Amino acid sequence: MSILTQLVAELNAGSLKVVDLSQPLGPETPVIGLPPIFGASPGVTLDVISHYDDKGPGWYWNVIHMGEHTGTHFDAPVHWITGKDLPDNACDTIPARRFIGPACVIDISKEAAKNEDFLLTPDHLAAWEKAHGKIPAGAWVLLRSDWSKRTDPAKFLNVRDDGAHSPGFHQETSEILAKLRDVLGVGVETVGTDAGQAHTFTPQFPNHTIMHGAGKFGLASLRNLDQLPPTGAVVIAAPLKIVHGSGSPLRVLAISP
Ligand code: 23J
Ligand code: MN
């Protein structure tokens with residue numbers, strides 16, 4: 001059997017399953033709130049063009065309006081100033097091969113439950129690699145924080161007087177993943193790939209700065225990471241082919257044992 005025939009056979013038999021890592025995309029989708037000195041990204045609005053009515057008796061369709069970085073979404077290198085001059089850095093020019101890779105799932109759910117500002121350290125990454133093997137080049141590194149289980153948008157965004165509080169990557173960990181491990185990118189359950197307090201870090205938003213400067217990608221607002229094994233799943237995350245797009249909402253799928 002060819003590998004693809006076997007893939008379909010195993011999907012049909014249920015020995016491989018498709019896990020949907022995406023949140024529903026609609027007016028209720030939580031959107032990042034940056035400090036008010038920065039521009040704001042609008043949430044989703046849907047406007048009906050027709051609904052089997054006089055505007056279109058036999059058909060239903062909508063106009064969608066939202067920021068590129070809304071809901072479960074992809075961050076392209078051109079999103080950040082550090083990645084602005086890299087080749088193939090936008091949604092329409094990234095080679096499609098780079099949307100697919102093995103998933104390495106790092107569970108920080110216990111740490112994030114105790115400390116909302118928890119950052120994945122190089123030591124924690126080393127412990128994960130000791131248990132599960134070295135992160136291979138071209139992997140998607142997914143941070144399982146269980147943050148997506150916060151179904152109340154206020155608790156998911158978790159904004160206080162001093163800004164948002166949510167977990168993320170220590171900047172030295174971002175450096176290791178981008179430069180030494182040569183990952184495709186990182187994925188998180190939180191609203192952005194930087195920790196909630198990252199506007200106070202030096203540099204600001206270090207994960208975006210480092211990942212995109214190295215030509216790597218981001219995936220934000222993922223869910224169902226608790227359904228994936230630490231290794232062994234394959235993730236497909238292909239953004240819309242927006243011309244010079246900095247990112248895009250997308251459907252993220254994992255094929256998992
Ligand atoms: C712009 C500035 C800061 C951040 C972000 C965007 C995102 O999280 C994003 O969606 O890329 S932290
Ligand atoms: Mn983004």
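## Close-up views of a predicted model

**A salt bridge on helix α5.** Glu 175 has a relative accessible area of 30%, so it counts as partly exposed. This is a predicted model, so please read each view below with that in mind. The partner of Glu 175 is Lys 179: their side chains meet in a salt bridge, with N and O 2.6 Å apart. Both residues belong to helix α5, and because they are four residues apart there, about one helical turn separates them. Lys 179 is exposed, at 53% relative accessible area. As a general reminder, side chains of opposite charge can pair when their charged atoms come close.

**The buried residues of helix α5 and their neighbours.** Helix α5 covers residues 171-180, and its buried residues are Thr 173, Ser 174, Ile 176, Leu 177 and Ala 178. What do these buried residues pack against? Their partners include two helices, α3 (122-132) and α6 (206-213). The strands β6 (119-120), β7 (140-144), β10 (168-169) and β11 (185-188) also take part in this packing. Just after the helix comes Asp 182, whose phi is positive, at about 55 degrees.

**The manganese ion and its protein donors.** Which residues supply the protein donors of the manganese ion (ligand 2)? They are His 69 through ND1, His 73 through NE2 and Asp 75 through OD, at 2.0 to 2.2 Å from the ion. If you are looking for these donor residues in the sequence, their spacing is H-x3-H-x1-D. His 69 has 15% relative accessibility and counts as buried. Asp 75 is buried as well, with a relative accessible area of 1%. Both values fall under the 20% cut-off for buried, which is why the two residues get that label.

**His 208 and its contacts.** Helix α6 holds His 208. Is His 208 buried or exposed? At 9% relative accessibility, His 208 counts as buried. Setting aside neighbours within four places in sequence, the contacts of His 208 include Asp 75, His 79, Trp 80 and Thr 82. Asp 75 also appears in the previous view, as a donor of the manganese ion. Further contacts of His 208 include Thr 193, Asp 194 and Gly 213. Thr 193 lies 15 residues from His 208 along the chain, and the C-alpha atoms of the two are separated by 6.9 Å.

**Asp 107 and Arg 144 in a salt-bridge network.** The side chains of Asp 107 and Arg 144 form a salt bridge, 3.3 Å from N to O. Asp 107 lies in strand β5 (residues 100-107) and Arg 144 in strand β7, so this pair ties together parts that are 37 residues apart in sequence. Asp 107 is partly exposed, with a relative accessible area of 32%, whereas Arg 144 is buried, at 18%. The pair belongs to a network of salt bridges that also links Asp 146, Lys 149 and Asp 226.

**Lys 84 and Asp 85, a pair of sequence neighbours.** Here the salt bridge joins Asp 85 to Lys 84, with the closest N and O atoms 3.1 Å apart. Asp 85 counts as exposed, at 65% relative accessibility, while Lys 84 is partly exposed, at 46%. The count for the model comes to 12 salt bridges.

**A nonpolar patch on the surface.** Four residues form this patch: Ile 32, Leu 34, Ile 37 and Phe 38. Together they have about 360 Å² of accessible area. Where does Leu 34 lie? Leu 34 sits in the loop between β1 (17-20) and β2 (45-53). Its relative accessible area is 37%, so Leu 34 is partly exposed.

**The protein around these views.** To help you place the close-ups, the protein contains six helices and 15 strands. Its C-alpha trace spans about 65 × 60 × 40 Å along the principal axes. A compact globule of 257 residues would have a radius of gyration near 18 Å, and the 19 Å of the protein agrees with that. Buried residues make up 47% of the 257 residues. Of the contacts with a separation of 6 or more, 74% come from residues 24 or more positions apart. The protein exposes about 12800 Å², and carbon and sulfur atoms supply 59% of this area.

Key
Residues are numbered from 1 along each chain as its sequence is written. Chains are lettered from A and ligands numbered from 1 in the order in which they are written. This is a predicted model: local features need pLDDT of at least 70, side-chain atom pairs count only at pLDDT 80 or more; totals for chains, interfaces and linings use all residues. Side-chain values use heavy atoms; hydrogens and water are left out. Patches are made of residues with over 30% relative accessible area and no salt bridge: like charges are joined within 9 Å, nonpolar side chains (Val, Leu, Ile, Met, Phe, Trp, Tyr) within 5 Å. Accessible areas come from the Shrake-Rupley method with a 1.4 Å probe; for residues, only the protein chains shown count as cover. Buried means under 20% relative accessible area, exposed over 50%, partly exposed in between (1.4 Å probe, protein chains only). The radius of gyration is taken over C-alpha atoms; the globule rule is 2.2 Å times the number of residues to the power 0.38. Contact means heavy atoms within 4.5 Å. Donors are N, O and S atoms within 2.8 Å of the metal (3.2 Å for Na, K and Ca); water is not among the atoms, so sites may look incomplete.
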